Amino acid sequence: MALCIVGLANIYSATGGPTGIYVTQIYGIVLGLVAVAICLAIHYRTLADKSHFVYGGIVLLLVYVVFLGVVRGGSRRWIDFGPLNLQPSEFAKAALALVLAKFFAESRRGGVSRNDLLIAGAITVVPLVLIARQPDLGTAVTLVPVLFATAFLAGMPMRIFGILALVGVLVAPVAWRFALQDYQKERISTFLDPSQD
């Protein structure tokens, strides 16, 4: 709440009073508080037990976005509900974390096997590809740390992290040359050297 108040004060100061942006931010805070109350009322085990439904629902929403989503700024990322726009890719991270946690918990046999990692990778690739098609590479890439963090907590050995990091380093130049668009390269360059912007 302190951060929300500081944010409101900054918006008020930057816009010169109670403008539309300021009022929209208040609505956002109220909606966020309602969401927090709903989340606190649901036991986390209930979410874990239903995680495959949550994951499936998010995947269906992502498929809907790819074909029928609202286009803005050259990207098709939203579902239009009139005054509210839903971006399912933002919920994909939580849904993926839930379904992977349930998968690793059910398949646990003293560690994470190669087959476990392959299945978890396949579970991750589905929303990753759908989000990358929007195109929203930034959000798609955030699913990879969710996979690794969940696998690590489930007992994936550090040597596998090392092997995957090595593969990532070796694949990066190929991806830079053939997979990334110019605007994506520019974003990465600006992130590494902000003075370019």
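Start with the whole chain in cartoon view: this predicted model holds 10 helices and 3 strands. Colour the chain from the N terminus onward. The elements follow in the order α-α-α-α-β-β-β-α-α-α-α-α-α.

Keep everything in view for a moment. Along the principal axes, the C-alpha atoms fill a box of roughly 55 × 45 × 35 Å. Turn on the surface. About 13,100 Å² of the protein is exposed, and carbon and sulfur atoms supply 69% of that area. Of its 197 residues, 26% count as buried.

Now colour by charge. You will find 15 positive and 10 negative side chains. How far apart do the centres of the two sets lie? The answer is 9 Å.

**The sheet**

Select residues 70-72, 75-81 and 84-86. Residues 70-72 are strand E1 and residues 75-81 are strand E2, while residues 84-86 are strand E3. Together they make an open sheet in the order E1-E2-E3, with antiparallel pairing. E1 and E3 are the edge strands, each pairing on one side only. Look along the sheet for its twist: direction ignored, neighbouring strands are turned by 50° against each other on average.

**From E1 to E2**

Zoom in on E1 and E2. The two strands run antiparallel and are joined by 3 bridges. Select Val 70, then look across to E2: Trp 78 stands opposite. Next select Arg 72, whose partner across in E2 is Ser 75.

Follow the backbone through the hairpin of E1 and E2, where 2 residues sit between the strands. Stop at Gly 73, which takes a positive phi near 60°.

**From E2 to E3**

Move on to E2 and E3. This pair is also antiparallel, and 3 bridges hold the count here. Select Asp 80. Which residue of E3 stands opposite Asp 80? It is Asn 85.

The hairpin of E2 and E3 has 2 residues between the strands. Pick out Gly 82 there, with its positive phi near 80°.

**The helix on the sheet**

Return to the three strands, in the order E1-E2-E3. Add residues 51-68, which form helix H4. H4 packs on the sheet and touches E1, E2 and E3. What angle does the direction of H4 make with that of E2? It is about 105°.

**Last stop**

Zoom back out and show contacts across the whole protein. Take those between residues at least 6 apart in sequence: 55% of them join residues at least 24 apart.

How values were computed. Residues are numbered from 1 along each chain as its sequence is written. This is a predicted model: local features need pLDDT of at least 70, side-chain atom pairs count only at pLDDT 80 or more; totals for chains, interfaces and linings use all residues. Side-chain values use heavy atoms; hydrogens and water are left out. Two strands pair if DSSP finds at least two bridges between them. Helices (H or I, at least four residues) and strands (E, at least two) are DSSP runs, numbered from the N terminus. Axes are lines fitted to C-alpha atoms, for helices over the stretch in contact, and angles run from 0 to 180 degrees between N-to-C directions. Contact means heavy atoms within 4.5 Å. Buried means under 20% relative accessible area, exposed over 50%, partly exposed in between (1.4 Å probe, protein chains only). Accessible areas come from the Shrake-Rupley method with a 1.4 Å probe; for residues, only the protein chains shown count as cover. Lys and Arg count as positive and Asp and Glu as negative; His and the chain ends are not counted. The place of a charge is taken as NZ of Lys, CZ of Arg, CG of Asp or CD of Glu.
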